[in-house]
Amino acid sequence: MSRALLIFLTSIAFLAILCNSFSPENPTDRRILVLLDDLAIKSSHSLFFKSLQTRGFELDFKLGDDPKIALRRYGQYLYDSLILFSPTIERFGGSIDVSTVLDFVDSGHDLIIAADTSASDLIRAISTECGVDFDEDPAAMVIDHTSYAVSDTEGDRTLIASDDFIQSDVILGNRKIEAPVLFRGIGHSINPANSLVLKILSASPSAYSANPKSKLSNPPSLTGSAISLVSIVQARNNARILISGSLSMFSNRFSRSGVQKAGSSTKHAKSGNEQFLTELSKWVFHERGHLKAANVRHHKVGEADEPAMYRINDDLEYFVEIHEWSGTSWEPYVANDVQVQFYMMSPYVLKTLSTDQKGLYFTAFKVPDVYGVFQFKVEYQRLGYTSLSLSKQIPVRPFRHNEYERFITEAFPYYGASFSMMAGFFIFTVVYLYNK
Amino acid sequence: MEATENGKGSTLRYAFGNVLSFFILLLIGILAFSIRLFSVIKYESVIHEFDPYFNYRVTQYLTKNGIYDFWNWFDDRTWYPLGRVIGGTVYPGLTLTAGTLWWILNSLNIPLSVETVCVFTAPIFSANAAWATYLLTKEVKGTGAGLMAAALLAMVPSYISRSVAGSYDNEAVAIFALISTFYLYIKTLNTGSLFYATLNAIAYFYMVCSWGGYTFIINLIPMHVLLCIVTGRYSSRLYIAYAPLVVLGTLLASLVPVVGFNAVMTSEHFASFLVFIIIHVVALVYYIKGILSPKMFKLAVTLVVSVGLVVCCAVIAVLIALVASSPTKGWSGRSLSLLDPTYASKYIPIIASVSEHQPPTWPSYFMDINVLAFLVPAGIIACFLPLSDASSFVVLYIVTSVYFSGVMVRLMLVLAPAACIMSGIALSEAFDVFTRSIKFQLPGVSGNDAVKTDKNEDSVKERPSKKNKKKEKENVEKASIKSQIEKRLLVLPLEASVIAILLLVLLGAFYVVHCVWAAAEAYSAPSIVLTSYSHDGLHVFDDFREAYAWLRHNTEVDDKVASWWDYGYQTTAMANRTVIVDNNTWNNTHIATVGTAMSSPEKAAWEIFNSLDVKYVLVVFGGLVGYSSDDINKFLWMVRIGGGVFPHIKEPDYLRDGQYRIDSQATPTMLNCLMYKLSYYRFVETDGKGFDRVRQTEIGKKYFKLTHFEEVFTTHHWMVRIYKLKPPKNRIRGKAKKSKSKASSTTTSRRSGTRKKNPWH
């Protein structure tokens, strides 16, 4: 019996080690499934994979049509994220299809999709579900006659050198990406009304999307900087998705090659691809920009315990700790734009929280002169960061019957009137009764 | 007079009569209590309907937390997110009564649950009400009429409908308080005793605590006082009966938090103050008349009249200015709809939507007061022979209450005691006349029949003698002499009398049969458990409790449940979940918001509910079992109330050629509104046709999907359906919808066809 218990306990301990994966407490992904069109990509794109492996990720390479692949077993996900480097695959092997991939994302896991010219319906379907529309023409590529990469070997205008990055330190790191990024592949568009998708790398205004081999008969459907080359999606559950129109962007060849933008005299010895992709993968795999709020507390000024209910016009203090995940540990998040609302159908109080630079945010305010069921709401949505949405319900009651002032100065004439009347009545009674 | 005639023997008879009437009263009390127990015997000991659940919940809070916490209770589980200050918005009389009962029983080591006490509060108080009726009628027309009226009231169906065991509502104690107040007023009027005047004020206070209907008292009594003054019946007794009531009563009434300053601010109370002024003027006039010579008095009258006119004009001007400054002219909506029966349907749909605020139909009179309706006129006539202060009061009472009951079916309850008193008087007078006729014609008979009639007569005859003793100062002397003469004159033929008595007894028997039937069949259903008889036996529909139990066990404590306001009280009490609106319809906008959501298409409704933090939506649907008071039948009220605040909801959009229908002829707005969808979602799966048994038609739109709501629970007979709001989509799809969705679902599309890559096609 005790032996069984021991085995059970040790197995639990092992389980704990095995389960060293994505969790709210430790949000970086650990186990990644990479699905490839053919295994040659493993070596031809080894720089990208190596950068992941050196950062501690376990990569599991599988062919896309491998009949044994599965994302989940017995209700547990086997992987924390998925890289789809299989742009031409029509049908995954095993139990994976569009809906399993989307369920995977909807349960909070991350996804990298690299499409390419002649991307399959499957890849397109997944991308559309995530909010990215690839050019419908299967043979179309992004063509740019002004900002293409001047190259000795590949002289066509489909090799784009773009440096139109999104301006965000949290997504692309603090260090500026020096060289343009080489890109060859299909362009996509995103719906401007879609608040979850972000254009990371856009094409130049002179770009368009068309089949380079055929003559342009009618105007291209996608033109200019509306074309997005690389986009990211942060779903409402904070799952992150990277969608790129080019698989070769990740390749060793593009990463290593030098780049000179057409019309520009500067020639970079090395393209920006490696830095761009490393920084971007850090973001996608939650090594950056992942916020967590903890220890939401509030209490009356001068008290320590959290009350179950406030009274109108109480003075209260509100605290929240916000941390950012650095990839290995939680670091204090420092910003000056975190706000708290005291909310009942509309915000009655809106205050910017002050911070002690160690992750603690706090403020103090007076409860409005309105009773009802309020909420402390923190809605913090910043570009690149996971969205923080905290709400804590707290009722506010009116005064109790004995909390009003017992005597008010304004009423002294009335007090005087009633007492003088009482006295007068008494005197009148005495006089009337005994004065005969 | 008879007392002196008969001497000692008759005092013994009176003593015997008193004992007899005591036992009769005891039996009446037992009758009143036990006739209301059908609901417990036929169903179970549960709280009924809607409002009683709230009262029960409040009582629980009171017994648990004490009176101060109750007074200051801010309830955050209703009217989310506004909350409700229960202590300041509830009439506490009923709750305090039941709480006190429970406390007394518990201190006597009788461990009853709060629920049991609440269930049986109403029957106990209806026994009290019967006794109070006895006292009141006795003051008006003597013991016999009193006993008769008490017996009638003990089983009048109108009152039974509001006071069966489990019907734990304000009216249960309020009718007792109402009758007691009237009794004490009449008693003070008859005796001129300040002691009773004070008691009267306290009874009025209890009435104010119990029910908003107290305004009826504070308008009726001034009317009566005015009537007395106008008809030259002013006396110091009238002054004592009225002035302390206004002063003490108003002071006490303003102590009740829910009334507060309303006791002096609203137009409902103005009549009493006006009459208060008038009675003082009249008292002054009488006083001056007494001390001055007639000539001086005439001079004084002209002086006083001229000064008084000026003062009156000033006061009236101030009053008019005050009243005109308030938008509803100082009247609450409910009072206005009493004065102008069309007011509510024109301006306040929320009041008009309640079925008990509708005008009653003639059958409902017959159902609720039965034969009393025919006896009342006779009672009125009896009250005029002779007309005393007291009998003029009951006449006034019946006249006003007939009017009010004609406006709102709910106020039938106020009519019932008046009708019982009147009928009691009528029956008693009739028996009096007939038995006297028999007695006069058979002077020597001492058989069984005579003994019986004697007894009957006994209790009746007690009246004038007692009256004489008490009211010697009054002009009753004249009346009794007159009645003696009348006695001689009013002798009917023997046969006619016997037959008439038999007929009256038969009438009474019909009444009893009807009352027992009403108590057993019509009014004892608790409405949370429904039963129906069909060819294959008895069916019990316990869907409401099933649904509330599901909510209680399967949702988070802080989850918000939205439903039409009818089910608000039950949800908070039985499921212990926060609701958006409930039966205390104090905030029209909030109710209109829910009404708008129910009448909107799914997405708009989802947004409204989401902004209110609603997690679950509850609808009541009777289409499967034929339960007619379901949400689809109430739906037009939701549209009306919603449209009253949010004009984009228009009632004609839901009507096809002015007809409300849900079949294939229904308007698209109707077929796409949330209420339709939530009610009929998957309904076609039950019988394959979607036949609605309440509307007796096939539904218009049978197959549809819900995008923003998901069904989480439907009760056994589909009477309650609970839906959950879906969270917003995790991802937002791209634009290329049509072809992509086809491609993903069937792997065939225009494009894959052109590419000829798909091996399956």
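Chain A splits into two domains in the domain assignment, with domain 1 running over residues 23–285 and domain 2 over residues 290–397. This is a predicted model, and the C-alpha centres of domain 1 of chain A and domain 2 of chain A sit 38 Å apart in it. The two domains do touch: 16 residues of domain 1 of chain A make contact with 11 residues of domain 2 of chain A.

How far can chain A be trusted? Its mean pLDDT comes out at 86, with 92% of the residues at 70 or more. Confidence varies along the chain, though. Of the elements of chain A, helix H9 (residues 412–434) has the highest mean pLDDT, at 94, while helix H1 (residues 2–18) has the lowest, at 52. The weak spot shows up again over residues 13–19 of chain A, where pLDDT stays under 50. For that stretch of chain A the model has 0 contacts beyond four places in sequence.

Turning to chain B, there are 761 residues, and 53% of them are buried. Its secondary structure adds up to 36 helices and 11 strands. Much of the contact network joins residues well separated in sequence: among contacts in chain B with a separation of 6 or more, 71% are between residues 24 or more positions apart. On the outside, chain B has an accessible surface of about 33,900 Å², and carbon and sulfur atoms account for 66% of that area.

Chain B also gets two domains from the assignment, domain 1 at 170–330 and domain 2 at 540–725. Taken over C-alpha atoms, the centres of domain 1 of chain B and domain 2 of chain B are 48 Å apart.

One helix of chain B deserves a closer look. Helix H23 of chain B covers residues 412–441, 30 residues in all. From first C-alpha to last, H23 of chain B reaches 42 Å, close to the 44 Å expected at 1.5 Å a residue. Is this helix buried or exposed? As many as 27 of the 30 residues of H23 of chain B are buried, so the helix is largely enclosed by the rest of the structure.

Finally, there is a database annotation to place on chain B. An unreviewed UniProt entry puts the feature "domain: STT3/PglB/AglB core" at residues 558–617 of chain B. In the model, residues 558–617 of chain B are 50% helix and 15% strand. The C-alpha atoms at the two ends of that segment of chain B are 14 Å apart.

Notes: Residues are numbered from 1 along each chain as its sequence is written. Chains are lettered from A and ligands numbered from 1 in the order in which they are written. This is a predicted model: local features need pLDDT of at least 70, side-chain atom pairs count only at pLDDT 80 or more; totals for chains, interfaces and linings use all residues. Side-chain values use heavy atoms; hydrogens and water are left out. pLDDT is the predictor's confidence in each residue, from 0 to 100. Helices (H or I, at least four residues) and strands (E, at least two) are DSSP runs, numbered from the N terminus. Contact means heavy atoms within 4.5 Å. Domain bounds come from an automatic or database domain assignment. Buried means under 20% relative accessible area, exposed over 50%, partly exposed in between (1.4 Å probe, protein chains only). Accessible areas come from the Shrake-Rupley method with a 1.4 Å probe; for residues, only the protein chains shown count as cover. The expected span of a helix is 1.5 Å times one less than its number of residues. UniProt positions are given in the numbering used here, feature names are shortened, and annotations may be inferred rather than shown by experiment.
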